[in-house]
Amino acid sequence: MPFRCDLVIRNATVIDGSGAPRFRADVAVEGDRILALGALEGASGREELDAEGQVLAPGFIDAHTHDDRAVLCGPDCLHCKSSQGVTTVVVGNCGISLAPTRLANRPPPPLDLLGDEAWWRFGSFGEYAEALAKNPPAVNSFALCGHMSLRMEAMEGDVYRPATDAEIARMQNRLREALRQGAGGFSTGLYYPPNAQAPTEEVIAVAEVLREEGGLYVTHMRDEGDHVLDSIRETLRIGREAGGEPGPVEVVISHHKCTMSENFGRSRETLALMDALGQDQPVAFDVYPYPAGSTVLMPDKLRQDVKVQITWSVPFPEMAGRDLDDIAREWGMTRRAAAERLLPAGAITFSMDEADVQRIMAHPRSMIGSDGIPHDAKPHPRLWGTFPRVLGRYVREIGLFSLETAIHKMTGRCAQVFGIPDRGVIRPGAFADLVLLDPARVRDRATYAEPTAPSEGILRVWCNGETTYREGAAHTTAGVGRFLGNPRRPQRA
Ligand code: ZN
Ligand code: CU
């Protein structure tokens, strides 16, 4: 049957995102959807392209980002993600979301990862969604509502203590409203000083709203070092108790890792614990492919055996990209004193073991999430390199898992965990979020020294049927990303 459509991609090696083996096919796209898949001799497209030898995959879903503000800057701002094949970002992680919090003063860290008070101007999730619709970015957004953002409002900025019952009630009301206006879940960052003062019971009480409204619980856990096992138990308890009678709320452990040399190798224990507890409740985690983390600079958490590279500093912007030891030597002071002087600031910390990173990535529960921080002066290279690094270094060079498995962890698995319908998969009727890549050439080029070098081998990217990236072209971005809202799938095991 001859038919005409917008685009026909011929002779592609299709990796459909489900984890199933690759197959050869033509793919037809009409409007924002995949129309047909197979041997499409009768199809003719307004555009046709031959993808012989190239892999066609669903657009990547970045399971963990801090792009809340970057998605507001219109089509041109997320080149760092489009150039990796990303078509959807999950924002609002680690307890930090731009909505629904208005702030008059510079927020305390880590909220300031997203910017100073000028950016904190959304009184509700509805307002945030409206702003996105008015000037859409080149990627779709799935948004979480952050605990620390809720605390700032409910506790009137006095956040270095547990919340009272009245304040918890205020947070519940705001979270309920956010979930109704399109937030897809609730995130916490219990590791960070102000939120660390929130007892488990406070988090459970707020998270109970998920029971009626739907959505996941996503957490940067209280501890990723000595007490990582306790933190996993706490996280799963929050998922169980927040879900109550109808069944546990789905939990996602953010950027799973085991930090500090005395904990190297302990991913064997953490993964075994998640598998044991995960028999009775849904649990997933995201991970980025680097043995170094990055967040705000916290002088009292520094350790002599952990190398630190500065990513930004308000009083000393020229120190971005420099090693903290070198700065301290230059200033003739201790490392700790130099760190205090740089505040407010951000840093990369080399605190993990490569073997753990690989074991965590290879685990079937993992999703790939960049945790990139888009406004840092000299960001962690994960912002520009995460996805091509998994495909190049970990699939092609090291052989940690197959290309099918890697792509599943970037697409179908994420769509399934977050409950995003008709994305993360290539099949007729699904949205035309697609990435065409060269499996022999795909690789990251971003490094700690040159963190914003774009990847290689990502040939072309489509979001909702429109081209958002073309290798070698300076700007092909189209502002076609959508706010995905709260899919409200029943959060039951
Ligand atoms: Zn985090
Ligand atoms: Cu994060």
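This is a short chat about reading domains, an interface and a cavity in a predicted model.

Q: Where do I start: which domains is the chain divided into?

A: Start with the residue ranges. Domain 1 covers 3–58 + 427–441 + 454–470, domain 2 covers 60–293 + 348–418, and domain 3 covers 294–347. Let's stick with domain 2 and domain 3, whose C-alpha centres lie 25 Å apart. Their contact takes 24 residues from domain 2 and 19 residues from domain 3.

Q: Okay, so how much area is buried between domain 2 and domain 3?

A: Here's the general idea: people often give an interface's size as the accessible area lost when the parts come together. In this model, about 1800 Å² is buried between domain 2 and domain 3, and carbon and sulfur atoms give 60% of that. On the domain 2 side, Ile348, Phe350 and Lys378 lose the most area to domain 3, together 31% of what that side buries.

Q: How many salt bridges cross the interface of domain 2 and domain 3?

A: The rule finds one across that interface. For a salt bridge to look at, try Glu262 and Arg303: their side chains meet at 2.7 Å, N to O. You can also count polar contacts, and between domain 2 and domain 3 there are 11 residue pairs of that kind.

Q: What about empty space: which residues line the largest cavity?

A: Rolling a probe the size of a water molecule over the atoms shows where empty space is left. Here that gives one cavity of 30 Å³ or more, with a volume of about 30 Å³. Its lining is His255, His256, Lys257, Val287, Tyr288, Tyr290, Met352 and Val357.

Q: And how do those lining residues divide up?

A: Into five nonpolar, two polar and one charged.

Technical notes. Residues are numbered from 1 along each chain as its sequence is written. Chains are lettered from A and ligands numbered from 1 in the order in which they are written. This is a predicted model: local features need pLDDT of at least 70, side-chain atom pairs count only at pLDDT 80 or more; totals for chains, interfaces and linings use all residues. Side-chain values use heavy atoms; hydrogens and water are left out. On a 1 Å grid over the protein atoms alone, a cavity is a set of points where a 1.4 Å probe fits but cannot get out, and a pocket is an open set with protein on both sides within 12 Å along at least five of seven lines; lining residues have an atom within 4 Å of a point. Grid points are joined across faces, edges and corners, and a volume is the space filled by probe spheres set on the points. Ala, Val, Leu, Ile, Met, Phe, Trp, Tyr, Cys and Pro count as nonpolar, Asp, Glu, Lys and Arg as charged, and the others, Gly among them, as polar. Domain bounds come from an automatic or database domain assignment. Contact means heavy atoms within 4.5 Å. Buried area is the accessible area (1.4 Å probe) that two parts lose on being put together, summed over both. A salt bridge is a side-chain nitrogen of Lys or Arg within 4 Å of a carboxyl oxygen of Asp or Glu. A polar contact is a pair of N or O atoms within 3.5 Å; within protein, one must be able to donate a hydrogen and the other to accept it, and residues adjacent in sequence count only if both atoms are side-chain atoms.
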